[in-house]
Amino acid sequence: RLPAKQGVGLARKLAGDIAVVLHRRGEVDSAWMACTDADVQLPPEYLTSLPDNDDDFSAALFPFEHTLEGSVKQQKAMLQYECFLHYYVLGLQAAQSPYAYHSIGSSFAVRMDRYAAVHGFPKKLAAEDFYLLNKLVKQAPLLRLNCSPIRIQGRESMRVPFGTGRAVRDIQSDPGPYRVYHPDVFAGIATWQRAQIAFSNNPSAIDWDTVLKDDTLPNGMLRECLDRQGALKAAHKAAQQASSTQQLRRRLFEWNDAFRTLRLIHELRDSGIASLPLIDALQHAQLISESSSLDAACRSLSMRVHPTELTP
């Protein structure tokens, strides 16, 4: 059996590492390793949609949608969670975050050389896709593909502590409305993105209280959250080591990666920017109209996540 706490991450790593060996031996021509699961339906153009071998991307992300199944309650839970997945990416996209992408293990492909450079999938019980993409985007750009979507089963699952299957189950068991991050936390991320650019342009002249002022957040909240995270201290340390504006900007964006971005969102939420029911959050963010049904909202959000190149 796989060791405890290494399940799906180790399983993916075993397959991925073997694929890299076959490629290095010349037994596989393609530079791309496509990662998927047994519970998906792949579109006809799945492999032909991948970039050429000489394109310098670290990963390619396929569009996706979940197949609704089970009871009406389960189907609604699946739609709500898929809405959240798109809402989160769109929130980061609006904030100009370089980490605005979906992390779904069954819907991306990885360049073999970039995979090897970051030592492959981490041996984690869950979120191995999140951590791999977080490392890959620092190596080379990600590419969101424009093709037919992968169709993923919208099933319940208790196999891992979090993720789609677990979320579908948890949403159904909660008697209250399904809540997601308040749109204002993404405004905070946007302010921090702009502040990093201002700091990299002139570190010695920065006034954090001024550049971190955000009218959508209580006064001083964003700075307090960043201080707790150690982000401002890390920025000044990076400024002492960087030899150019571009190098400093790169260091800042790499330090404030997908994981620390998520942590900052949680800091803002826990400091008082309380989560909202899903539909309220979508309307507050002006992503849907008041008359939108849940399935229409999901389709609309999916269409807003455009194919593009993503890089810090």
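In this predicted model, helix 4 (residues 128-136) is a good place to begin, because seven of its nine residues are buried, so that the helix is largely enclosed by the rest of the structure. The buried positions of helix 4 are Glu128, Asp129, Phe130, Leu132, Leu133, Asn134 and Leu136. Their packing partners include three helices, namely helix 1 (7-24), helix 3 (112-117) and helix 11. On the strand side, the buried residues of helix 4 pack against strand 3 (59-61), strand 5 (108-111) and strand 6 (142-144).

Strand 5, one of these partners of helix 4, is itself covered on both faces. Phe108 and Val110 lie on one side of strand 5, Ala109 and Arg111 lie on the other, and all of them are buried. Strand 5 also pairs with neighbouring strands. Strand 1 (residues 32-35) joins strand 5 through four bridges in the antiparallel sense, with Met33 standing opposite Val110. Strand 3 likewise runs antiparallel to strand 5, and three bridges connect the two. Here the bridge partner of Ala59 is again Val110. Val110 is thus a convenient residue to follow by eye, as it faces Met33 and is also bridged to Ala59.

A second set of strands centres on strand 7 (residues 150-153), where the side chains alternate. Ile150 and Ile152 point to one face and are buried, while Arg151 and Gln153 point to the other face and are not buried. This alternation may be set beside strand 5, whose residues Phe108, Ala109, Val110 and Arg111 are all buried. Strand 7 pairs with strand 2 (residues 40-41) over two bridges in the antiparallel sense, and Gln41 has Arg151 as its bridge partner. With strand 4, strand 7 runs parallel, and four bridges hold the pairing. In this pairing Thr67 stands opposite Gln153. The outcome is an open sheet of three strands in the order 2-7-4, with mixed pairing. Strand 2 and strand 4 stand at the edges and have a single partner strand each, so one side of each is left without a neighbour in the sheet.

Turning to the nonpolar interior, the largest core contains 73 residues, and those with the most contacts inside it are Phe84, Trp192 and Trp208. Helix 2 supplies the largest share of this core, twelve residues. For Phe84, the contacts beyond four places in sequence are with Tyr178, Val180, Tyr181 and Leu278. Another core lies apart from the largest one and has 23 residues, among them Leu61, Met112, Leu133 and Leu310. Of these, Leu133 has already been met as one of the buried residues of helix 4.

Trp192 leads on to the internal voids, since this residue of the largest core is also one of those lining the largest cavity. The model has one cavity of 30 Å³ or more, and the volume of the largest cavity is about 40 Å³. Its lining is made up of Ile189, Trp192, Gln193, Gln196, Gln229, Asn256, Arg260, Thr261 and Leu264. Two elements, helix 6 (183-201) and helix 11 (258-270), each give two or more residues to this lining. Helix 6 provides the largest share, four residues. By class, three of the lining residues are nonpolar, five are polar and one is charged.

Helix 6 also contains Gly188, which counts as buried because its relative accessibility is 0%. Beyond four places in sequence, Gly188 touches Asp214, Leu217, Leu222 and Leu268. The C-alpha atoms of Gly188 and Lys213 are 9.2 Å apart, although the two residues are separated by 25 places in sequence.

Finally, the open pockets deserve a look. The second largest pocket has a volume of about 530 Å³ and is lined by 28 residues. Pro63, Phe64, His86, Pro149 and Ser302 lie nearest its centre. Strand 4 (64-67), helix 2 (72-94) and helix 13 (294-304) are the elements that give two or more residues to the lining. Helix 13 contributes the largest share, five residues. The lining of the second largest pocket divides into 14 nonpolar, eight polar and six charged residues. Two of the contributing elements have appeared above: strand 4 stands at an edge of the open sheet, and helix 2 gives the largest share of the largest nonpolar core.

Technical notes
Residues numbered from 1 in each chain as written. Predicted model: local features only at pLDDT ≥ 70, side-chain atom pairs only at ≥ 80, totals over all residues. Heavy atoms only, no water. 1 Å grid on protein atoms, 1.4 Å probe; cavity = no way out; pocket = protein on both sides within 12 Å on 5 of 7 lines; lining within 4 Å. Points joined across faces, edges and corners; volume = space filled by probe spheres on them. Nonpolar A, V, L, I, M, F, W, Y, C, P; charged D, E, K, R; others polar. Buried < 20%, exposed > 50% of the residue type's maximum accessible area, 1.4 Å probe, protein only. Contact = heavy atoms within 4.5 Å. Pairing = 2+ DSSP bridges. Core = buried A, V, L, I, M, F, W, Y, C linked by side-chain atoms within 4.5 Å.
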